[in-house]
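Q: I am new to this structure and would like a close look at a single part, the largest pocket. Could you describe what lines it and then place it among its surroundings?

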Amino acid sequence: MELYLDTADLEEIREIAAWGVLGGVTTNPTLVAKVFSAKGERLTEERLSAHLKAICELAGGPVSAEVTALEAQAMVEEGRRLAALHPHIVVKLPTTEEGLKACRALSAEGIRVNMTLIFSANQALLAARAGASYVSPFLGRVDDISWDGGELLREIVEMIQVQDLPVRVIAASIRHPRHVTEAALLGADIATMPHAVFKALLKHPLTDLGLKRFMEDWEKVKP
Ligand code: E4P
């Protein structure tokens with residue numbers, strides 16, 4: 001399973017990319033808005049384009065950039081503009097009627113699409129039939145309403161295998177490291193997670209303690 005960062009923050013991407021384990025990045029309008037609000041910068045088309053290009057350069061792999069249009073033709077036009085920014089761009093579309101139409105049109109042009117806001121296996125099936133390269137089931141938001149995000153992911157992964165559908169599954173809306181392990185065991189192709197969860201994957205108190213002891217013992221005898 002590949003590991004993606006779910007962020008639009010350049011520093012977060014730079015830090016994790018340096019570990020050598022980053023497969024790609026996913027963004028959404030909320031994440032982009034957070035970065036520009038924090039900078040106190042007004043978002044313009046030019047600034048957004050430059051920011052997305054910078055993410056692509058740092059990520060070194062697929063970068064999902066989400067459209068904000070809601071009508072199919074406008075989604076297609078926005079998607080084409082986004083895809084033209086950088087070869088790493090994957091156009092992210094909401095799983096709606098208009099999103100399906102736009103997915104069909106963009107994928108027919110060879111533009112990769114990530115269908116987002118997926119909360120059922122049937123939505124994933126529709127997205128795959130519309131030519132999506134990726135589907136993004138939202139684990140955490142399902143768990144948030146006391147349903148089972150893991151079960152949603154299990155159904156989607158199994159359905160794609162049984163039906164032999166040419167689409168990759170991105171486990172999204174990851175809230176904690178355990179979600180990442182579960183996604184890997186369930187056969188997700190990719191898990192996309194916030195920076196804090198990425199950092200938490202590495203942390204273990206026994207690793208820190210073990211290293212401290214090794215260094216203390218070494219200090220006593222080192223040449
Ligand atoms: C998917 O790509 C989304 O950006 C993301 O995972 C949403 O997660 P959230 O529920 O933490 O907002």
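A: A pocket here is an open set of grid points with protein on both sides within 12 Å along at least five of seven lines, and a residue counts as lining if it has an atom within 4 Å of a point. The model is predicted, and what follows was computed from it.

In these terms, the largest pocket holds about 390 Å³ of space, and 25 residues line it, with Asp6, Thr7, Asn28, Leu31 and Pro194 lying nearest its centre. Helix α2 (29-39), strand β8 (190-193) and helix α10 (195-202) each supply at least two residues of this lining, and α2 gives the most, with four residues. By class, the lining of the largest pocket divides into 10 nonpolar, eight polar and seven charged residues.

The second largest pocket, with about 340 Å³ of space, is lined by 17 residues, of which Leu48, Leu52, Glu66, Glu78 and Leu82 are the closest to its centre. Two or more residues of this second lining come from each of α2, α3 (45-59), β3 and α4, and by class the lining has nine nonpolar, four polar and four charged residues. Helix α2 thus appears among the contributors to the lining of the largest pocket and also among those of the second largest.

Turning to the strands, β8, which was met in the lining of the largest pocket, belongs to a closed barrel of eight strands that runs β1-β2-β3-β4-β5-β6-β7-β8 with parallel pairing. From one strand to the next, the twist of this barrel averages 30 degrees. Helix α4 (residues 72-85), one of the elements that line the second largest pocket, packs on the sheet, where it touches β3 (63-66) and β4 (89-94), and its direction makes about 155 degrees with that of β4. Elsewhere in the barrel, strand β6 (residues 134-137) and strand β7 (residues 168-171) pair in the parallel sense over two bridges, and Val135 has Val169 in β7 as its bridge partner.

Helix α3, another element that lines the second largest pocket, also packs with helix α1 (residues 10-17): their axes come within 9 Å and cross at roughly 10 degrees. Angles under 35 degrees count as roughly parallel, and α1 and α3 are therefore roughly parallel to each other. Their contact is made by Leu10, Ile13, Arg14 and Ala17 of α1, together with His51, Ala54, Ile55, Leu58 and Ala59 of α3, and by class it has seven nonpolar residues, one polar and one charged.

Note on methods: Residues numbered from 1 in each chain as written. Predicted model: local features only at pLDDT ≥ 70, side-chain atom pairs only at ≥ 80, totals over all residues. Heavy atoms only, no water. Pairing = 2+ DSSP bridges. Axes fitted to C-alpha atoms, helices over the stretch in contact; angles between N-to-C directions. Contact = heavy atoms within 4.5 Å. 1 Å grid on protein atoms, 1.4 Å probe; cavity = no way out; pocket = protein on both sides within 12 Å on 5 of 7 lines; lining within 4 Å. Points joined across faces, edges and corners; volume = space filled by probe spheres on them. Nonpolar A, V, L, I, M, F, W, Y, C, P; charged D, E, K, R; others polar. Parallel < 35°, antiparallel > 145°, perpendicular 65-115°, else oblique.
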